[in-house]
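Work through the following exercises with the sequence and the structure side by side. Each task is followed by its solution in steps.

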Amino acid sequence: MFAADPRALDDLREAPTDIRDLSLLALQDLVHGEQRGQRLDERWGQDLSDCRKLYVDAKVDWRIVYQERPAPAGSLHKREIFLIAMRPRAGFEAYNTAFHRLGRTRTTTPRAEAARARSPRNVPLRAKAASSAPTPARTPAGTTPHAQKGSSR
């Protein structure tokens with residue numbers, strides 16, 4: 001059985017003709033069980049571990065992101081291929097699009113938290129301002145700052 005997010009169907013319509021044709025063939029193979037994509041995982045706070053990816057073209061520039069789900073009750077089929085996105089790989093567009101279409105929010109892993117804790121960008125603004133403020137120059141005891149600056153004597 002096959003189902004798709006309506007926006008994924010727009011992805012197919014808007015893709016270059018050769019990519020669209022290859023994608024339709026790949027989807028046909030998925031539905032017939034002749035092909036299966038690689039399982040995705042959680043990266044950068046985006047959990048797509050219930051999804052799979054499939055390379056569309058020989059250059060692997062395009063991806064299909066889909067889910068294998070149990071078919072709806074009363075269906076003649078046991079499983080359903082649900083197309084989420086068919087987008088370019090560049091800039092993680094396929095994965096970011098799938099993540100947003102599934103309505104998910106970013107998670108924070110302990111590793112990501114640790115990285116942020118060590119990041120210099122995570123220093124509070126007041127601490128940065130205090131550490132970058134110039135310190136006044138010290139003058140020897142019994143002299144004034146003006147007397148040091150090159151007196152004419």
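Helices (H or I, at least four residues) and strands (E, at least two) are DSSP runs, numbered from the N terminus. The model is predicted, so local features need pLDDT of at least 70 and side-chain atom pairs count only at pLDDT 80 or more, while totals for chains, interfaces and linings use all residues. Residues are numbered from 1 along each chain as its sequence is written, and side-chain values use heavy atoms, with hydrogens and water left out.

**Exercise 1. Secondary structure and sheet**

Task: List the elements of the protein and determine the order of the strands in the open sheet.

Solution.
Step 1. The protein has 6 helices and 7 strands. Along the sequence they follow the pattern β-α-α-β-β-β-β-β-β-α-α-α-α.
Step 2. Two strands pair if DSSP finds at least two bridges between them. An open sheet of 5 strands results, in the order E1-E7-E6-E5-E2, with mixed pairing. Its edge strands are E1 (2-4) and E2 (38-39), each pairing on one side only.
Step 3. E1 and E7 (residues 79-88) run parallel and are joined by 3 bridges. Within this pair, Phe 82 of E7 is the bridge partner of Ala 3, and Ala 4 stands opposite Leu 83.
Step 4. E6 and E7 run antiparallel, joined by 9 bridges. Opposite Arg 79 in E7 stands Pro 70.

**Exercise 2. Helices on the sheet**

Task: Find which strands H1 touches and which strands H3 touches, then describe the buried side of H3.

Solution.
Step 1. Contact means heavy atoms within 4.5 Å. Axes are lines fitted to C-alpha atoms, for helices over the stretch in contact, and angles run from 0 to 180 degrees between N-to-C directions.
Step 2. E1 pairs with E7 through 3 bridges. Helix H1 (residues 6-14) packs on the sheet against E1 and E7, and its direction makes about 50° with that of E7. Helix H3 (residues 93-101) also packs on the sheet, touching E5 (52-55), E6 (62-70) and E7, at about 130° to the direction of E7.
Step 3. Buried means under 20% relative accessible area, exposed over 50%, and partly exposed in between (1.4 Å probe, protein chains only). The buried residues in H3 are Ala 94, Tyr 95, Thr 97, Ala 98, Phe 99 and Arg 101. They pack against H1, E4 (46-47), E5, E6 and E7.
Step 4. E7 is mostly covered, with 7 of its 10 residues buried. In the protein, buried residues make up 27% of the 153 residues.

**Exercise 3. The largest pocket**

Task: State the volume of the largest pocket and describe its lining.

Solution.
Step 1. On a 1 Å grid over the protein atoms alone, a pocket is an open set of points where a 1.4 Å probe fits, with protein on both sides within 12 Å along at least five of seven lines; lining residues have an atom within 4 Å of a point. Grid points are joined across faces, edges and corners, and a volume is the space filled by probe spheres set on the points.
Step 2. The volume of the largest pocket is about 350 Å³.
Step 3. The lining has 15 residues, and Leu 40, Arg 43, Trp 44, Phe 92 and Tyr 95 lie nearest the centre. E2 and H3 each supply at least two residues of the lining.
Step 4. The lining divides into 5 nonpolar (Ala, Val, Leu, Ile, Met, Phe, Trp, Tyr, Cys and Pro), 7 charged (Asp, Glu, Lys and Arg) and 3 polar residues (the others, Gly among them).

**Exercise 4. Positive phi and partial exposure**

Task: Locate Val 60 and Phe 92, and explain why each counts as partly exposed.

Solution.
Step 1. Most residues other than glycine have a negative phi.
Step 2. Val 60, in the loop between E5 and E6, has a positive phi of about 50° although it is not a glycine. Val 60 counts as partly exposed because its relative accessibility is 32%.
Step 3. Phe 92, in the loop between E7 and H3, has a positive phi of about 60° and is not a glycine. Phe 92 counts as partly exposed because its relative accessibility is 42%.
Step 4. Tyr 55 lies in E5. Not counting residues up to four places away in sequence, Tyr 55 touches Gln 38, Val 60, Trp 62 and Arg 63. Tyr 55 is partly exposed, at 37% relative accessibility.
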